[in-house]
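Visitor: I've got a chain open on my screen and I'd like to walk through it with someone. Could you take my questions one at a time?

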Amino acid sequence: MKLLIVDDEVIIRTGLAQVITWHDLGFEVLPPCASAEEAMEAISADKPHLVLTDIRMTGADGLTLAAYIREVSPDTEMIVLTGYDDFRYAQRALREGVCDYLLKTSRPDDIMRAAIRAKERIVEKLERSKSMSKIEATYREQLLHKLLHEPLSEAECRMLVDTLLLADRTHSSTRKVVFDVACIQAEGWGEAQEKLLLFAVGNMLTEMVAGLALREESRLLVLRLTEGTAISSDSWDYELALIERKLKCRLFAGIGRLVTAPVEVRDSCRTAKEAYAYHWFKGNKRMLTWQEAASRAGRPSICTAQDEAELIRCLKSGEPEELRRFVHEQVQRLIDEPEATPASIQSYGQSLLIAARRWLERCAEVSAPAQAGGLQPADSGCCAQDGGVACASWSASRHAQARAFGLASEPASSAGADCAAVGRPAPDLASPRTAAPEQWERALFIALQEAMQYFRDVIADSSASVVTRAMNYIREKADGSLTLQHVARVVGVHPNHLSDRFKQETGINYIEYVTQARMAQACRYFQDGSAKVSAVAQLVGYEDLKYFSQLFKKHIGCTPSEYRDKC
């Protein structure tokens with residue numbers, strides 16, 4: 001806290017500054033002032049928390065200074081030190097807001113006690129002010145959330161806009177105003193600093209556009225009000241670029257439509273979120289407008305016969321890297337498609353899964369008669385051509401994972417049911433609307449890799465391989481017991497052998513697969529009811545809740561609480 005000493009006698013002001021160890025009391029001593037006039041300038045510039053002053057000085061007296069402090073800095077505490085034991089001075093000092101009245105003959109201990117009492121009052125006022133500010137901020141956030149999301153009457157919307165945006169500014173009722181909302185993502189400070197970065201971006205942006213910000217998990221909604229109709233949605237780009245330079249971060253914003261009535265603010269928010277959902281297609285842009293998002297036709301939504309043939313070739317090759325390359329190329333092509341949308345990408349991914357499912361079913365139909373006649377799959381020409389495989393187990397497990405990673409919306413039933421599933425609205429989990437391209441790509445690869453695994457197992461050996469049995473056990477348990485040593489013991493091999501085979505046959509390492517299985521199991525727990533995030537974390541083997549939340553967001557594309565709320 002800052003302390004200012006005011007006295008026209010140099011010996012007094014120097015002595016007060018040096019005799020008492022103010023630093024030990026928690027005060028920083030500002031340069032002392034020799035007059036009330038000099039003190040007034042210092043108070044305006046430095047805003048001290050406590051002023052210690054004489055009454056009778058050359059020029060304006062200490063009581064005049066007290067009146068000035070009460071007007072320009074009412075939270076500043078003031079102690080009067082005087083050589084005059086006059087009751088009238090004391091009365092007037094109290095009227096001017098002086099908190100203590102001491103004689104210059106008072107001992108240093110008396111002055112220290114008075115300063116400590118003043119400090120306690122200052123701390124109490126600061127805490128009370130902080131508490132009130134927090135309550136007010138929470139209340140304003142609630143009002144803003146209501147304006148942006150709830151269906152309200154025109155009168156209710158007008159009242160909220162007047163309260164939130166127009167109360168502190170001079171506004172001519174004859175001038176038109178326009179509103180628009182931006183949905184903003186900020187990156188560049190790391191996951192641990194994500195909330196702090198959003199807070200900094202929100203503070204800067206609301207000052208620059210004279211608007212209001214509302215944080216929703218990992219994104220920011222900013223409402224802007226502008227007088228006049230010449231404003232353009234493109235003007236957001238200047239503010240975003242400036243913040244990127246100052247905060248050394250990367251921003252992306254979906255910009256909602258400009259509206260002229262408070263009751264339309266909710267629609268601007270809706271279109272901002274819709275534009276934000278097209279973040280896959282941002283390229284080098286900082287923002288996408290709702291018009292750009294709405295103009296896309298949503299093509300392609302189903303894989304072509306050529307894509308299906310290439311997928312089957314990759315699955316039959318048994319090479320995870322081949323499949324990974326295929327999936328990566330497909331995702332990049334979809335991102336580059338000028339007419340693609342999140343829904344069309346989701347539908348396209350489902351069509352690839354269905355193509356793999358139908359191929360496995362055809363293989364099963366061909367291989368069944370051959371195996372009934374005593375032939376091994378490799379002995380049958382049809383099986384050699386189509387890759388005979390019993391697909392029922394892959395079908396069930398693939399659907400379990402696909403649901404967990406957001407790539408299927410219905411339980412496993414039949415090829416016809418799967419075909420009908422293409423084009424249905426995709427669930428929120430790992431949807432291109434919320435997940436990053438690399439997250440969605442990894443989920444699609446893992447789901448298709450399951451088909452490759454079962455195909456390889458049956459062609460190489462009619463019984464399930466060590467890796468398949470390990471994968472089945474991991475998916476079944478998905479808890480904290482899944483150490484490499486434990487699972488290797490379950491399937492009867494050395495841990496090093498299991499680790500090597502796992503990487504060779506699946507293309508991912510053991511730990512990564514266990515993590516994926518745990519995240520899938522966590523999703524199922526959240527889908528079954530309103531389980532606490534901490535409880536689910538423990539069920540799937542994580543004692544550290546923060547670490548679990550970071551892994552969940554990395555693999556699923558949203559936080560555990562976001563996913564649970566959407567189930």
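Visitor: Let's begin with contacts. Among those between residues at least 6 apart in sequence, what share joins residues at least 24 apart?
Guide: Keep in mind that this is a predicted model. Take the contacts in the protein chain between residues at least 6 apart in sequence; the share of them that joins residues at least 24 apart is 69%.

Visitor: And what's the chain built from, how many helices and how many strands?
Guide: The protein chain has 567 residues, and buried ones make up 48% of them. Its secondary structure comes to 24 helices and 10 strands.

Visitor: What part of the accessible surface belongs to carbon and sulfur atoms?
Guide: The accessible surface of the protein chain comes to about 27000 Å². Of that, the part that belongs to carbon and sulfur atoms is 52%.

Visitor: On to the sheets. Which strands are the edges of the sheet with parallel pairing?
Guide: That one is an open sheet of 5 strands in the order 2-1-3-4-5. An edge strand pairs on one side only, and here that holds for strand 2 (28-29) and strand 5 (100-103).

Visitor: Which residue stands opposite Leu3?
Guide: Strand 1 covers residues 2-6 and runs parallel to strand 2, with 2 bridges joining them. Across in strand 2, the residue opposite Leu3 is Val29.

Visitor: Helix 2 packs on that sheet; what angle does its direction make with that of strand 1?
Guide: Helix 2 takes in residues 36-46 and touches strand 1 and strand 3 (50-53). Its direction and that of strand 1 make an angle of about 170°.

Visitor: Helix 5 packs there too. What's its angle with strand 4?
Guide: Helix 5 runs over residues 108-149 and touches strand 3, strand 4 (77-82) and strand 5. Its direction makes an angle with that of strand 4 of about 165°.

Visitor: Where else does helix 5 lie, and at what angle does it run to strand 7?
Guide: Helix 5 also lies across strand 6, strand 7 and strand 8. Relative to strand 7, it runs at about 85°.

Visitor: So what's the strand order in the sheet with mixed pairing?
Guide: This is an open sheet of 5 strands. Its edges are strand 7 (212-216) and strand 10 (287-289), each pairing on one side only, and the twist from one strand to the next averages 20°. The order reads 7-8-6-9-10.

Visitor: How many residues of strand 6 are buried?
Guide: Strand 6 spans residues 177-187 and pairs in the antiparallel sense with strand 8 (residues 219-227) over 8 bridges, and with strand 9 (residues 250-255), again antiparallel, over 6 bridges. Strand 6 is mostly covered: of its 11 residues, the number buried is 9.

Visitor: Which residue in strand 9 is the bridge partner of Cys183?
Guide: Several pairs can be read off here. Phe179 faces Leu225 in strand 8, while Gln185 stands opposite Phe252 in strand 9, and Ala186 is opposite Leu251 in strand 9. For Cys183, the bridge partner is Gly254.

Visitor: Following strand 9 the other way, which residue in strand 10 is opposite Ile255?
Guide: Strand 9 is mostly covered, with 5 of its 6 residues buried. It runs parallel to strand 10, and 3 bridges join them. The residue opposite Ile255 is Thr289.

Visitor: Which helix touches strand 6, strand 8, strand 9 and strand 10?
Guide: Look for a helix over residues 236-247 that packs on the sheet. Its direction makes about 160° with that of strand 9, and the helix is helix 8.

Visitor: Now the outside. Why can Leu196 join a surface patch?
Guide: Leu196 lies in helix 7 (residues 194-209). Patch residues need over 30% relative accessible area, and Leu196 qualifies on that count because it is partly exposed, at 45%. With about 300 Å² of accessible area together, the nonpolar patch consists of Leu196, Phe199 and Trp189.

Visitor: Last stop: is Ala537 buried or exposed?
Guide: Ala537 sits in helix 22 (residues 533-539). Beyond its neighbours within four places in sequence, it is in contact with Tyr542, Leu545 and Phe548. The cut-off for buried is under 20% relative accessible area, so Ala537, at 1%, counts as buried.

Definitions and conventions:
Residues are numbered from 1 along each chain as its sequence is written. This is a predicted model: local features need pLDDT of at least 70, side-chain atom pairs count only at pLDDT 80 or more; totals for chains, interfaces and linings use all residues. Side-chain values use heavy atoms; hydrogens and water are left out. Patches are made of residues with over 30% relative accessible area and no salt bridge: like charges are joined within 9 Å, nonpolar side chains (Val, Leu, Ile, Met, Phe, Trp, Tyr) within 5 Å. Accessible areas come from the Shrake-Rupley method with a 1.4 Å probe; for residues, only the protein chains shown count as cover. A salt bridge is a side-chain nitrogen of Lys or Arg within 4 Å of a carboxyl oxygen of Asp or Glu. Helices (H or I, at least four residues) and strands (E, at least two) are DSSP runs, numbered from the N terminus. Buried means under 20% relative accessible area, exposed over 50%, partly exposed in between (1.4 Å probe, protein chains only). Two strands pair if DSSP finds at least two bridges between them. Contact means heavy atoms within 4.5 Å. Axes are lines fitted to C-alpha atoms, for helices over the stretch in contact, and angles run from 0 to 180 degrees between N-to-C directions.
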